[in-house]
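Q: Please take a close look at one part of this structure. Start there, then work outwards and describe how that part sits in the rest of the chain.

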Amino acid sequence: MEYKIGLLFHMFGLSLIAGGFLGGYLVEKRFWKLVEIDISHAGSVLPIMKTLPVIIQVGVLIQVISGTLLLQSASWAFWGQAWLSIKLILVALALANGLLVGKKLGAKIGFQVFSAAPDKVALAVLKRKMISFNLIQLALTVGILVLATVFR
Ligand code: HEM
């Protein structure tokens with residue numbers, strides 16, 4: 001029963017992470033389009049752009065709790081195995097990258113969009129950095145999924 005509840009919540013957390021990613025991709029696409037055509041309206045998209053990472057973080061928290069339950073249900077037999085150790089390192093890296101790099105980038109983008117005279121060149125640099133950040137997060141997540149399935 002403990003295993004089934006752990007697995008159910010692990011899938012639930014994964015759904016939140018995937019939903020947050022997809023929503024973030026669509027909202028960011030709309031945001032950068034607005035920056036291009038009518039920057040005065042781009043700020044209206046920022047609140048949802050700030051909420052989606054929180055949904056992903058809640059998903060990661062659920063993964064940590066349900067993952068611990070899964071470990072417990074298997075009497076910690078997986079503990080110390082390479083796939084799990086590397087997976088936990090990737091989870092920590094993704095979390096740190098989101099909280100340190102992603103949050104800062106979001107704040108800088110918000111500052112530009114709400115400033116009286118937004119700097120389009122600075123915004124283009126921030127857009128490139130945001131795309132790289134998103135690709136790194138995606139690669140880390142795919143790595144976590146491959147480790148949890150193919151290499152388990
Ligand atoms: C972003 C974070 C995470 C993602 C996307 C993720 C994803 C997955 C997936 C897709 C599986 C395969 C499920 C299956 O067996 O059908 C899995 C299994 C597992 N995960 Fe995670 N996980 C994450 C974080 C964690 C954490 C933090 C822990 C430990 C604290 C953990 C512990 C486990 C364990 C022990 C299993 C094996 C369950 C079993 O088959 O008995 N996971 N994970």
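A: A residue counts as exposed if 12 or fewer other C-beta atoms lie within 10 Å of its own, and as buried if there are 20 or more. The model is predicted, and every value below is computed from it.

The part chosen is the loop between H3 and H4, where Trp76 is found. Trp76 has 10 C-beta neighbours inside 10 Å, so it counts as exposed. Ser75 is also found in the loop between H3 and H4. With 8 other C-beta atoms within 10 Å, Ser75 is exposed because that number falls within the limit of 12.

The backbone here deserves a note. Most residues other than glycine have a negative phi. Ser75 departs from this, with a positive phi near 55°. Trp76, likewise not a glycine, has a positive phi of about 60°.

Next come the two helices that the loop joins. Helix H3 covers residues 46–73 and helix H4 covers residues 82–114. Two packed helices are described by the angle between their axes and the distance between the axes. For H3 and H4 the angle is about 170° and the axes are 11 Å apart. An angle over 145 degrees counts as roughly antiparallel, and H3 and H4 are therefore roughly antiparallel to each other. On the H3 side, the residues that meet H4 are Leu46, Met49, Lys50, Pro53, Gln57 and Val60. On the H4 side, they are Val91, Leu95, Gly98, Gly102, Gly106, Gly110 and Val113. By class, the contact of H3 with H4 has seven nonpolar residues, five polar and one charged.

One further residue of helix H4 is Lys104. Lys104 has 12 other C-beta atoms within 10 Å and is exposed, because 12 or fewer is the limit for that class. Its C-alpha atom is separated by 22 Å from that of Ile89, 15 residues away along the chain.

H3 also packs against H1. The axes of H1 and H3 come within 8 Å and cross at roughly 160°. That angle makes H1 roughly antiparallel to H3. The contact of H1 with H3 holds 21 nonpolar, 13 polar and two charged residues. H1 passes H3 in a left-handed crossing.

H4, for its part, packs against H5. Their axes come within 9 Å and cross at roughly 160°, which makes H4 roughly antiparallel to H5. The contact of H4 with H5 is made up of 19 nonpolar, seven polar and three charged residues. The crossing of H4 past H5 is left-handed.

Ala42 gives a contrast with the exposed loop residues. Its place is in helix H2, residues 39–42. Ala42 has 24 other C-beta atoms within 10 Å, so it is buried. Apart from neighbours within four places in sequence, Ala42 is in contact with Phe31, Leu34, Val35 and Val113. Val113 in H4 is also one of the residues that H3 meets. The C-alpha atoms of Ala42 and Gly110 are separated by 9.4 Å, although the two residues are 68 apart along the chain.

There is also a ligand. Of the 18 residues around the ligand, Gln63, Val64, Gly67, Leu70 and Ala148 come nearest. At least two residues of this shell come from each of H1 (2–37), H3, H4 and H5 (120–149). H3 gives the most, with seven residues. Divided by class, the shell has 13 nonpolar residues, five polar and no charged.

Finally, the protein as a whole. Its secondary structure comes to five helices and zero strands, with the pattern α-α-α-α-α along the sequence. The C-alpha trace spans about 60 × 25 × 20 Å along its principal axes. Of the 152 residues, 16% are buried, and Ala42 is one of the buried residues. Among contacts with a separation of 6 or more, 78% are between residues 24 or more positions apart.

Methods:
Residues numbered from 1 in each chain as written. Predicted model: local features only at pLDDT ≥ 70, side-chain atom pairs only at ≥ 80, totals over all residues. Near = placed C-beta within 6 Å. Helix = DSSP H or I, 4+ residues; strand = E, 2+ residues; numbered from the N terminus. Nonpolar A, V, L, I, M, F, W, Y, C, P; charged D, E, K, R; others polar. Contact = placed C-beta atoms within 7 Å. Axes fitted to C-alpha atoms, helices over the stretch in contact; angles between N-to-C directions. Parallel < 35°, antiparallel > 145°, perpendicular 65-115°, else oblique. Left-handed = near helix turned anticlockwise from the far one by under 90°.
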